[in-house]
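Student: I am new to this structure. Please take one part and look at it closely with me.

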Amino acid sequence: MQWITDLISVSLLASTIRLATPLLLAALGGLLSERSGIINIGLEGMMLAGAFTAAAVTYYAANPWAGLLAAIGAGLFVAFIHAVACIEFDADQVVSGTAINILMLGGPPLMSGALFQTTGSTPQLPQSSLIPNAPMAIAFGLVPVVWYVLYRTRFGLRLRAVGENPEAADTAGVPVKRIRYAAVLISGALAAIGGAYLSIGQSSLFTRNMSAGRGFIALAALIFGKWRPFQTMLACLLFGFGEAASLQMQGVIPHIRVEYIEIVPYVLTMVVLAGFIGLSRPPRALGQPYAKEN
Amino acid sequence: MSKVLRNLMFPLIAVLAAFIAGGIIVALIGDDPIETYKLLVGSALSWPEGIGYTLFYATPLVFTGLAVAVAFRCGLLNIGAEGQLTIAAFATAWAGLTFSKQPAWLLIPIAAGMGILAGAAWAAIPGLLKAHFGSHEVINTIMMNFIALGVASALTQSYFKQPGDAILETAPIGAGAQISRLGKWIPGLPQRIPVNMSFIVAMIACILVYAFLWRTKWGYEIRATGSNPDAAEYGGISIRKQIVLAMAVSGGLAGMVAINEVMGYRYRYYQGFSSGYGFTGIAVALLGRNHPAGVLVAAIFFGALMRGGLFVDIFTEHVSKDLVLVLQALVILFVAAEALFRRKNRMAKGMPL
């Protein structure tokens, strides 16, 4: 039973926070999008867009901040596609998000092959080109900001109104489409920062599909967090802890294959989702396109 | 405009739009779009190489396309076909190894059946979770894709790996479980081209899915649940049961990929054998209008692209076969946004997500 004491440590806490960071960024973005009524299942793809762009631009500019900015740009671009499809063309939001995810499964390797002659990964970045801490500060610093915006500003009030009852919001003079565009675009920017953290924070290069389902885990976290910023942060910390613990368990517990430990975060996500979903209520107009009555 | 004509026209417009958008991307990357598309589509038309390989790549896509289509008809998006076919392939290989001494007439149904059952069971789990807890199938099926890969890889390494084999694969299955290649019967088609009996199985599956959805009570209830769950429930249909049933049928169809990959091609479970068949299945189903006939045509189309992608990889300067994934995504996007013309939401009103 030595492994139990090996597990509980300060480093576990630190890696919990580290691993929660990309989830939290994507989840806060998803939260804003969903509170405005737009399902964002494309968070995964937006993270990948951010991760690839950050690594590629950082490589050329030798400056991670340029990489981070470019990643935000990429996130905005991809989110814009999703927003146009959902808001202008009434596309099924889940299908559109899935298209975004597949697009970013293929897009980054395609670009990587053209830029670096290899589709597997981008070139290794030097230690000096990484920002291992800033995204963490951004992620956790954004929690009170998102809370404030959502509950204490006019924009936040309108955003929630649009997600709950777009007809009434429209009657009251709220520009439903514009608010939804803003929410989806912000979600793309935040998810992309989360993705950038994966490639130029936690590691030092982009690899194909490196987000490994984190966009979906972030969605589960925001549902678990009842679409509220602080609860969502706690949910992300829980998932971060699950991943951190599973990483530390590898090689520590005897006779268990590493694959069984690697799947822990995914199983945890399913269990949490099943256990808590009935206890929370989604925004009422979530997933429904809105067209002005003429 | 007649319904049939419209059903044919919109997918064509979506494909055309996707190819134009993809062509712009190719040009931006620095290759000639026309030349690239010639490689992508043109290489599929030669006999026997092009057509043989196209049908080989199309086979798993028919199964995953049907899988996604059946779930879609019930208002569910199954993006877990990838995990379902992974578990199924492992189960088929397990059966083919465990009962390897059995004769073909017994072993073929056992091995294929194990794959179908495993795929159905794997998909029924997110079905049950949705039916009883309301948790969204999209998140759960994605999670189960990762779990499937982990479990199949761990079991292979622990129990079924050929000693000394550096690659993560099982030992070969018994000869009785190996099905023959179409080249055995078709003159001019060499047997080295891996298109096999499972292509025939895929065509039969199209007919069976059609009969199931449009000629049986269960199929009717699945479609009723998908088009209007409230009305279906009011009409006495148990939505929960339909969700689980649709997911199980969907997973079973995805599991049939194992017949092609394990029994007809590699004769073993092989980690990473699927190059995104499950995800391509989404594009196949949407492009095929969630109808078996459309699925068959769309699968052959995407099969040709998969074959052509290999040539793009080799013969263009910058573009890789990932272009095919990008084209798939664009097709899905354009088909989804095409709802503009109809103002009708095909998916049932979702559970909270």
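**A helix in chain B, and what surrounds it**

Tutor: Start just past a helix: α5(B) is followed by G134(B), whose phi is positive, near 75°. This is a predicted model. Now take the helix itself. Helix α5 of chain B covers residues 104–133, which is 30 residues. At 1.5 Å a residue, a span of 44 Å is expected, and the end C-alpha atoms are 43 Å apart, so the two values agree.

Step back to the chain. Chain B has 14 helices and 0 strands. Its C-alpha atoms fill a box of roughly 55 × 50 × 35 Å along the principal axes. A compact globule of 353 residues would have a radius of gyration near 20 Å; chain B has 20 Å, which agrees. Buried residues make up 58% of chain B. Among contacts in chain B with a separation of 6 or more, 77% join residues 24 or more positions apart.

Next, the partner. In all, 43 residues of chain A are in contact with 44 residues of chain B. On the chain A side, α5(A) gives the most, with 14 residues. By class, that side has 28 nonpolar, 10 polar and 5 charged residues.

One residue of chain B shows the meeting of the chains. Leaving aside neighbours within four places in sequence, I332(B) is in contact with V95(A), T98(A), A99(A) and I102(A), and also with I282(B), A283(B) and L286(B). I332(B) belongs to the largest nonpolar core, which has 226 residues. Along with A192(A), A221(A), V62(B) and L66(B), I332(B) touches the most other members. Helix α9 of chain A gives this core its largest share, 16 residues.

Methods:
Residues numbered from 1 in each chain as written. Chains lettered and ligands numbered in written order. Predicted model: local features only at pLDDT ≥ 70, side-chain atom pairs only at ≥ 80, totals over all residues. Helix = DSSP H or I, 4+ residues; strand = E, 2+ residues; numbered from the N terminus. Expected span 1.5 Å × (residues − 1). Contact = placed C-beta atoms within 7 Å. Nonpolar A, V, L, I, M, F, W, Y, C, P; charged D, E, K, R; others polar. Core = buried A, V, L, I, M, F, W, Y, C linked by C-beta atoms within 7 Å. Buried ≥ 20, exposed ≤ 12 C-beta atoms within 10 Å, placed from the backbone. Rg over C-alpha atoms; globule rule 2.2 N^0.38 Å.
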